[in-house]
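Biologist: I would like to go through the labels used for this structure and see what each one rests on. Please give the cut-off whenever a label needs one.

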Amino acid sequence: MKKRFTLILASMLFTMGAWAEVLLPTVSDGTAMHYYRIKSLRTGKYAAYTGDNTQLAQMADPTIECIWYVTADGENYKLHNLATENVYAGVSSFTSTGVTVYIKENPYRAGYVCISTTENLSSNCWDDQGSGTKIGNYNPRQNDNEGTSWTFEEVSVTVAGTYTFTLTEEMSGQEFTGEYICYTYEEQKNIPSCVTEMGGEL
């Protein structure tokens with residue numbers, strides 16, 4: 001059986017000069033998109049999506065799961081990750097609607113931000129946990145604020161184009177780098193395995 005799918009192929013540009021550190025992220029509106037890596041002060045690692053119902057992780061070498069963008073939610077934000085269509089709802093939750101996210105300068109660490117689901121940063125701020133492997137919740141304090149201090153690094157994400165493939169069994173050895181549903185970052189997958197993930201069949 002043959003089945004046609006349209007796959008969006010993307011190349012993620014993480015070269016010197018392709019990113020810039022900013023204090024607060026710029027809102028994406030669907031036309032102008034701004035993508036970021038979110039870096040921990042304490043570990044130097046990047047916040048990473050690991051699943052809609054699993055705890056956020058930290059990665060030393062950023063992958064597509066480390067690419068984030070924000071949309072407007074009143075004067076605050078909704079937080080999105082390129083690896084899922086759902087929206088951030090907590091350190092272990094992404095849902096269809098997400099929650100309001102407050103991104104504010106850390107009151108105890110100039111030049112860094114807190115990322116929280118509470119406006120007064122009282123408890124639910126992102127915090128480096130799990131010996132630098134996970135992200136949990138904490139509140140910044142005068143004598144304990146490195147774990148809740150983060151920076152946004154704007155990165156360039158270039159979509160190479162849209163291609164339509166007619167998938168056949170004979171194509172089982174072909175490989176590609178993709179972004180939408182069959183996404184990977186510098187990792188190749190064979191086309192049939194991606195079709196299976198999309199609910200299709202050969």
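Modeller: Partly exposed is the label for a relative accessible area between the buried limit, under 20%, and the exposed limit, over 50%. Keep in mind that this is a predicted model.

Biologist: Why is Lys-39 called partly exposed?

Modeller: Lys-39 has 26% relative accessibility. Buried needs under 20% and exposed needs over 50%, so Lys-39 counts as partly exposed.

Biologist: What makes Glu-153 and Lys-39 a salt bridge?

Modeller: The closest N and O atoms of Glu-153 and Lys-39 are 3.9 Å apart. The limit for a salt bridge is within 4 Å, so the pair qualifies. Glu-153 lies in strand β14 and Lys-39 in strand β3, so the salt bridge ties together parts that are 114 residues apart in sequence. Arg-37 also belongs to the picture: salt bridges with shared partners join Arg-37, Lys-39 and Glu-153 into one network.

Biologist: Is Glu-153 buried or exposed?

Modeller: Glu-153 is buried, because its relative accessible area is 1% and the limit is under 20%.

Biologist: How many salt bridges does the structure hold?

Modeller: The structure holds 5 salt bridges. One of them joins the side chains of Arg-42 and Asp-127, at 3.9 Å from N to O. Arg-42 is in the loop between β3 and β4, while Asp-127 is in strand β12, 85 residues apart.

Biologist: Why do Arg-42 and Asp-127 get unlike labels for exposure?

Modeller: Asp-127 has 7% relative accessibility, so Asp-127 counts as buried. Arg-42 has 37%, so Arg-42 counts as partly exposed.

Biologist: What makes Tyr-49 and Phe-94 an aromatic pair, and why is the pair called edge-to-face?

Modeller: A search of the whole structure finds 8 aromatic pairs. In the pair of Tyr-49 and Phe-94, the distance is 5.0 Å centre to centre and the angle between the planes is 90°. Centres must lie within 6.5 Å, and planes over 60 degrees apart count as edge-to-face, so both conditions are met. Tyr-49 is in the loop between β4 and β5 and Phe-94 in strand β9, 45 residues apart. Tyr-49 counts as buried at 9% relative accessibility, and Phe-94 is buried at 4%.

Biologist: How do you know that Trp-68 and Trp-126 are edge-to-face?

Modeller: Their ring centres are 5.7 Å apart and their planes are at 65°, so the pair is edge-to-face. Trp-68 lies in strand β6 and Trp-126 in strand β12, so the pair ties together parts that are 58 residues apart in sequence. Ring pairs link Tyr-49, Trp-68, Tyr-88, Phe-94, Trp-126 and Trp-150 into a cluster.

Biologist: How do you know that Cys-125 is in no disulfide?

Modeller: The nearest cysteine sulfur, that of Cys-114, is 4.4 Å away from Cys-125. A disulfide needs sulfur atoms within 2.5 Å, so Cys-125 is in no disulfide. The search of the whole structure finds 0 disulfides. Cys-125 counts as buried because its relative accessibility is 0%.

Biologist: What makes the link between Asn-86 and Asp-52 a polar contact?

Modeller: A polar contact of 2.8 Å joins their side chains, and the limit is within 3.5 Å. The C-alpha atoms of Asn-86 and Asp-52 are separated by 7.5 Å, with their positions 34 residues apart along the chain. Asn-86 is found in the loop between β7 and β8. At 23%, the relative accessible area of Asn-86 makes it partly exposed.

Definitions and conventions:
Residues are numbered from 1 along each chain as its sequence is written. This is a predicted model: local features need pLDDT of at least 70, side-chain atom pairs count only at pLDDT 80 or more; totals for chains, interfaces and linings use all residues. Side-chain values use heavy atoms; hydrogens and water are left out. Helices (H or I, at least four residues) and strands (E, at least two) are DSSP runs, numbered from the N terminus. Buried means under 20% relative accessible area, exposed over 50%, partly exposed in between (1.4 Å probe, protein chains only). A polar contact is a pair of N or O atoms within 3.5 Å; within protein, one must be able to donate a hydrogen and the other to accept it, and residues adjacent in sequence count only if both atoms are side-chain atoms. Rings of Phe, Tyr and Trp (its six-membered ring) pair if their centres lie within 6.5 Å; planes under 30 degrees apart count as stacked, over 60 as edge-to-face and the rest as tilted.
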